[in-house]
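Student: Could you take a close look at the salt bridges with me? I'd like to know which residues pair up and where they sit.

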Amino acid sequence: MKTIRIACGQGFWGDWLEAPVRLIEGGPVDYLVLDYLAEVTMSIMQKQKSRNPKAGFATDFVALMDRILPQVLAKNVRVIANAGGVNPQACAEAVRMVAARHGLADQLRIGIVAGDDILGRLDELMAAGHTFENLDTGEPLATVRAHLQSANVYFGAQPIAEALRQGAQVIITGRCTDTGLALAPCIHEFGWAADDWHRLAAGTVAGHIIECGAQCTGGNCLVDWETTPDYANIGFPIIEMHEDGTFVVTKHPNTGGRVTVATVKEQLVYEMGDPTTYITPDCIADFTTIQLAQEDTDRVRVWGIQGRPATEFYKVSASYFAGYKAVGSLIYAWPDAYAKARRADAMLRQRLHDLGLHFDEIWTEYVGAGACHGLQLAGEPSRDLPEVVLRVAVRSSDQASVERFTKELAPLALNGPPTVTGFGSGRPKVEEVVAYFPTLIPKAVVTPDVQLLANG
C-alpha cells in the first residue's frame, strides 16, 4: 500500500527555527508543511502591507527557504506553507529571488493559493445581503465595519491539492486551515475524492495532530514530562499516511521528545469544541471514532476515523480595532511580597481614580501568588514567597488615558511599598487592541485563486 511521509516543521510564526532544517536533514520526508498564521497575525500583516505593498507575509519563511532550498530540490521534498499571509504573491516573489541567488530559479516551481482576503469585497458582499453574524455573539459585521483591519476566508485542502496537481514544489498560501496543509498531499497522492468523507476526515485528523509541531512529540505535554528525553533536541512530527486513511505518527530517530498515545491524545483535544463535529471546509470529522495504539517506540498508529459531508460555508476570520491597552509590571521581594504588591495595586488604582482617568477595564495579576489558578484554587499566598510580580493592564478607547497610566507605574518605586525592582525597562508601551470577529460566508461567493509562478 502506498505511503507518504508528511512532516510539520512550524506550529506557529515564532516556532523553533531549526526544526524544519532538521526535518529535511534527519531522514526521508515527502512533504514539509509549515503553519505560520494565527488570527491576530493577519491583522498585523494587513498593517504591514498598508505601509509597504511588498510586505504582509511571514519573513521567517523566506529566510528558511534560503537555508533549505538546495536540499528541498535535491531530495524532491514538496513544501507547503501558509506563510503568504495577506500577500502570498510578494512572498512567492521573495522565495523566487532566493532561488535565483542559489542558481535554482529555473528548477523551482512555486504555487500560490490566494483569494482568501475579502476585506476589499466586504461592502459589496454586505450590500448583496450577507450580514456576517458573529459566531459567538450574533452581532452583524456592520457594527464594527468602520474599524475592520482584516477579513480572511479559511480555505481548505482542495486549492492546495490543485497547486500540487499543477506541479508546484513550493506552495505558498494565505489563510487556510491548519489541517488542510497536511490533507492536501493525501488528496493529491492518493486521489481521494471530494466526497470520500472518511478518508478526508482521516487526513484532517492527521493534520490536526501535527499542526502544532512538537506539541504531539512530547512538547508541552503533562504526561511524564519529567522523564521526556532531550527537550533541547526535540523531534518534530511526521505522519506516515497510507492510501486507506490509516496512518502512523512518528519522528526522526535520534531526536528528543517522545511519541506516545498520551502525547497524541493531548494534542487531539487542543482547541477542541464538540468532538463529534470537528468542522473544516473539507469535511466534518468525528474525533470520537479515532482509534490509537502504540505500535512501537515513538510510533503511534491511528485508524477508524469517520467523517461526514462538509458544510456549505467557509469560516471567515476578521479583526478590528478595539481601543488601546498597556501592560506594566513591578517586582516585590520578601518579606511579605504579596502584601506589598496588593498595597501597591491599591495605591495605583487610587491615583488613577484621583486623576479622573476612566478605563474599560483594569486587570491586576500577582504572578507567583496564584495568578494562573486564582486564589480560590491556589489559596492564600504564603508570607514567605521570595518575590511576587505585580502586573497591571488597562484598556480604553481613550489613548490619552492609557498613555497617562504608563507614567504612573515607575513612581511606585520610591512612593510606595518597599523592596521593589523590575522597573528598569522603562515605561510600558501603548498598543492597539485587535479584537477577533469570527463569521461565515457561503462557499458559492468565494473562489480560491490558484496560480503557478513562472520559472526564472
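Tutor: Sure, let's go through the salt bridges pair by pair and then step back to the whole chain. Keep in mind that this is a predicted model. The idea behind the pairing is simple: side chains of opposite charge can pair when their charged atoms come close. This structure holds 19 salt bridges, and we'll pick out a few.

Start with K47 and E432, whose closest N and O atoms are 2.5 Å apart. K47 belongs to helix α2 (residues 39-51) and E432 to strand β18 (residues 431-442), so this salt bridge ties together parts that are 385 residues apart in sequence. Is each partner buried or exposed? K47 has 26% relative accessibility, so it counts as partly exposed. E432 is partly exposed too, with a relative accessible area of 36%.

Next, find D123 and R145. Their closest N and O atoms are 2.9 Å apart in a salt bridge. D123 lies in helix α5 (residues 122-127), while R145 lies in the loop between α5 and β5 (148-153), so the parts tied together here are 22 residues apart in sequence. D123, at 46% relative accessibility, counts as partly exposed, and R145 gets that label as well, at 22%. The cut-off helps here: buried means under 20%.

Now for a pair within one helix. R165 and E162 form a salt bridge, with 2.7 Å between the closest N and O atoms. Both residues lie in helix α6 (residues 158-165), three residues apart, which is about one turn of the helix. R165 counts as exposed because its relative accessibility is 57%, and exposed means over 50%. E162, at 26%, counts as partly exposed. Salt bridges can also share partners: R5, E240, E295 and R299 are joined into one network that way.

Let's zoom out to the chain around these pairs. It has 13 helices and 19 strands, and buried residues make up 50% of its 456 residues. Take the contacts between residues at least 6 apart in sequence: 77% of them join residues at least 24 apart. A compact globule with 456 residues would have a radius of gyration near 23 Å, and the chain's 25 Å agrees with that. Along its principal axes, the C-alpha trace spans about 70 × 55 × 50 Å. And what about charge overall? The chain has 39 positive and 53 negative charges, and their mean positions are 5 Å apart.

Key:
Residues are numbered from 1 along each chain as its sequence is written. This is a predicted model: local features need pLDDT of at least 70, side-chain atom pairs count only at pLDDT 80 or more; totals for chains, interfaces and linings use all residues. Side-chain values use heavy atoms; hydrogens and water are left out. A salt bridge is a side-chain nitrogen of Lys or Arg within 4 Å of a carboxyl oxygen of Asp or Glu. Helices (H or I, at least four residues) and strands (E, at least two) are DSSP runs, numbered from the N terminus. Buried means under 20% relative accessible area, exposed over 50%, partly exposed in between (1.4 Å probe, protein chains only). The radius of gyration is taken over C-alpha atoms; the globule rule is 2.2 Å times the number of residues to the power 0.38. Contact means heavy atoms within 4.5 Å. Lys and Arg count as positive and Asp and Glu as negative; His and the chain ends are not counted. The place of a charge is taken as NZ of Lys, CZ of Arg, CG of Asp or CD of Glu.
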